[in-house]
Protein chains: 2
Amino acid sequence: MNLKSKIREIPNWPIKDVNFKDITTLLQDKKVFRYVIDEMAKPFLNKKIDKIVAIDARGFILASPIAYKLNTGVCLVRKKGKLPYKTISATYMKEYGPDTLTIHKDTIKPGEKVLVVDDLLATGGTLGAAVKLIEKLGGKIQGISLIIDLQFLGGSQKFKKYNLHYLVSYDKE
Amino acid sequence: MNLKSKIREIPNWPIKDVNFKDITTLLQDKKVFRYVIDEMAKPFLNKKIDKIVAIDARGFILASPIAYKLNTGVCLVRKKGKLPYKTISATYMKEYGPDTLTIHKDTIKPGEKVLVVDDLLATGGTLGAAVKLIEKLGGKIQGISLIIDLQFLGGSQKFKKYNLHYLVSYDKE
């Protein structure tokens, strides 16, 4: 399937000169949605994953059907102030400004096998913070699964030691 | 399954005298997560649903595995400023203050059969706005599926004409 043709590009959003990749066109098409979930999950079907970590908020939409398919639990990485129980946090720079991510302290047990899921990898700030939080809790990251790698931003270089899997890649804005 | 025992209660969060229902304990347990998705989907398995509408952000986690299971697309109802394409919007009062929800104009076609999914029904402000947006686009709401109804807040009374399905109900704070 030519996935790029299913992703809508929005020029100058959310800021000038950014060509935003809108995945809602992909989600709302049942055949494309199913294909994306199956392809994102495929390399991890026999990896005995315990938990899928879902990154707030578009990551939630992709992580939970993969969890359902792989028969695992779902753990949330959320923006500061959104998780009600005891958390640890990591602050980082993302493409459009600084941000803080948090995770519940009890959501991953030491040694559990974790797959991290998000929609898109840009500079890797968000994903890097999520990885840090998971490893701080003792989770063993078995892979990272994404729809899109914005290869021209170089973020994927930071995650070479992990099993990084994505479905489409863009080499320019 | 005694689902209430799997939901963590957080006293005085996000504001005083609210006994917040934390579903992260339910999501991170693979058996409970699977049970919840299966039970939320069950009444709608043979309803020929075209689209699941997912409400930002906890609704995303529940809506997308139901969409995967029912073989439908996923449409997002998001807070203002989050959707990049042409939207329509609805402003409403929610439990802790005013808010505006938006939906992409092209995400539901007139006549499509829609199931609305969220985690919890409180006063019904969020859900009411989502219903309004879906109907404005011509979507035919076949049902609403939730984990929790806070029955003592009376929100569910507003949705009697829809096929409202929830797994647990609380009769006091």
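The following exercises, with worked solutions, concern a predicted model of two chains, A and B.

Residues are numbered from 1 along each chain as its sequence is written, and chains are lettered from A in the order in which they are written. Local features need pLDDT of at least 70 and side-chain atom pairs count only at pLDDT 80 or more, while totals for chains, interfaces and linings use all residues; side-chain values use heavy atoms, with hydrogens and water left out.

**Exercise 1.** Determine how many residues of chain A are in contact with chain B, and what area is buried between the chains.

*Solution.* Step 1: contact means heavy atoms within 4.5 Å. By this rule, 40 residues of chain A are in contact with 40 residues of chain B.
Step 2: buried area is the accessible area (1.4 Å probe) that two parts lose on being put together, summed over both. Between chain A and chain B about 3500 Å² is buried, and carbon and sulfur atoms give 58% of this.
Step 3: on the side of chain A, Gln28(A), Tyr68(A) and Pro84(A) lose the most area to chain B, together 22% of what that side buries.

**Exercise 2.** State how many salt bridges are counted between chain A and chain B, and describe the one formed by Arg8(A).

*Solution.* Step 1: a salt bridge requires a side-chain nitrogen of Lys or Arg within 4 Å of a carboxyl oxygen of Asp or Glu. The count between chain A and chain B is two.
Step 2: the side chain of Arg8(A) meets that of Asp106(B) at 2.7 Å, N to O.

**Exercise 3.** Locate the cis peptide bonds that precede Pro14(A) and Ala57(A).

*Solution.* Step 1: the bond joining Trp13(A) and Pro14(A) is cis, with omega about -5 degrees. Pro14(A) lies in the loop between strand 1 and strand 2 of chain A; strands (E, at least two residues) and helices (H or I, at least four) are DSSP runs, numbered from the N terminus.
Step 2: the bond from Asp56(A) to Ala57(A) is also cis, with omega near -5 degrees. Ala57(A) is placed in the loop between strand 3 (51-55) and helix 3 of chain A.

**Exercise 4.** Establish whether Asp17(B), which has a positive phi, is buried or exposed.

*Solution.* Step 1: phi of Asp17(B) is about 70 degrees, although this residue is not a glycine. Most residues other than glycine have a negative phi.
Step 2: Asp17(B) occupies the loop between strand 1 (8-11) and strand 2 (19-22) of chain B.
Step 3: buried means under 20% relative accessible area, exposed over 50%, and partly exposed in between (1.4 Å probe, protein chains only). Asp17(B), at 55% relative accessibility, therefore counts as exposed.
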